[in-house]
Amino acid sequence: MRLITAAELDTLPETVLHSKFYRVNQELVATEPATTERANALASLENINRAIIKRRIKGPGF
């Protein structure tokens, strides 16, 4: 799996971020330990989680 960067996530709505988080989490389960694919999945999950938190702190944007 390729790394999903924070820049890619900047404009996505929170619902899409949750979907991506779920999908990447499912892909993580299928990775082997100590592989690039696993490292990319873990880093992507961290980036997605940070983007979700950022949206929640920012608020709905009324």
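The following exercises, each with a worked solution, concern a predicted model of one protein chain.

Residues are numbered from 1 along each chain as its sequence is written. Because the model is predicted, local features need pLDDT of at least 70 and side-chain atom pairs count only at pLDDT 80 or more, while totals for chains, interfaces and linings use all residues; side-chain values use heavy atoms, with hydrogens and water left out.

**Exercise 1. The whole chain**

Task: State which secondary structure elements the protein chain has, and in what order they run.

Solution. Helices (H or I, at least four residues) and strands (E, at least two) are taken as DSSP runs, numbered from the N terminus. On this basis the chain has three helices and zero strands. Read from the N terminus, the order is α-α-α. Along the principal axes, the C-alpha atoms fill a box of roughly 45 × 20 × 15 Å.

Task: Determine what share of the residues is buried.

Solution. A residue is buried under 20% relative accessible area, exposed over 50%, and partly exposed in between (1.4 Å probe, protein chains only). Of the 62 residues in the chain, 24% are buried.

**Exercise 2. The pair α2 and α3**

Task: Describe how helix α2 is placed against α3.

Solution. Begin with the angle: α2 (residues 14-29) and α3 pack at about 160°, and their axes are 9 Å apart. The two helices are therefore roughly antiparallel. Here axes are lines fitted to C-alpha atoms, for helices over the stretch in contact, and angles run from 0 to 180 degrees between N-to-C directions. Angles under 35 degrees count as roughly parallel, over 145 as roughly antiparallel, 65 to 115 as roughly perpendicular and the rest as oblique.

Next, consider the residues that meet, where contact means heavy atoms within 4.5 Å. On the α2 side they include L17, F21 and V24, and on the α3 side they include L45, I48 and I52. The residues of this contact divide into ten nonpolar, four polar and five charged. In this division Ala, Val, Leu, Ile, Met, Phe, Trp, Tyr, Cys and Pro count as nonpolar, Asp, Glu, Lys and Arg as charged, and the others, Gly among them, as polar.

**Exercise 3. Two neighbours in α3**

Task: Decide whether N47 is buried or exposed, and list its contacts.

Solution. N47 is placed in helix α3, residues 36-58. It counts as buried because its relative accessibility is 17%. Neighbours within four places in sequence aside, N47 is in contact with L3, I4, T5, A6 and L9.

Task: Do the same for I48.

Solution. I48 also lies in helix α3. Its relative accessibility is 0%, so I48 counts as buried. Residues up to four places away in sequence are not counted; I48 then touches I4, L9, L17, K20, F21 and V24. Between the C-alpha atoms of I48 and T36, twelve residues apart in sequence, the distance is 18 Å.

**Exercise 4. The loop between α2 and α3**

Task: Establish whether T31 is buried or exposed, and which residues it contacts.

Solution. T31 is found in the loop between α2 and α3. With a relative accessible area of 15%, T31 is buried. Apart from neighbours within four places in sequence, its contacts are E37 and R38.

Task: Explain what is notable about the phi of A34.

Solution. Most residues other than glycine have a negative phi. A34 is a residue other than glycine, yet its phi is positive, near 60°. A34 lies in the loop between α2 and α3, and at 84% relative accessibility A34 counts as exposed.
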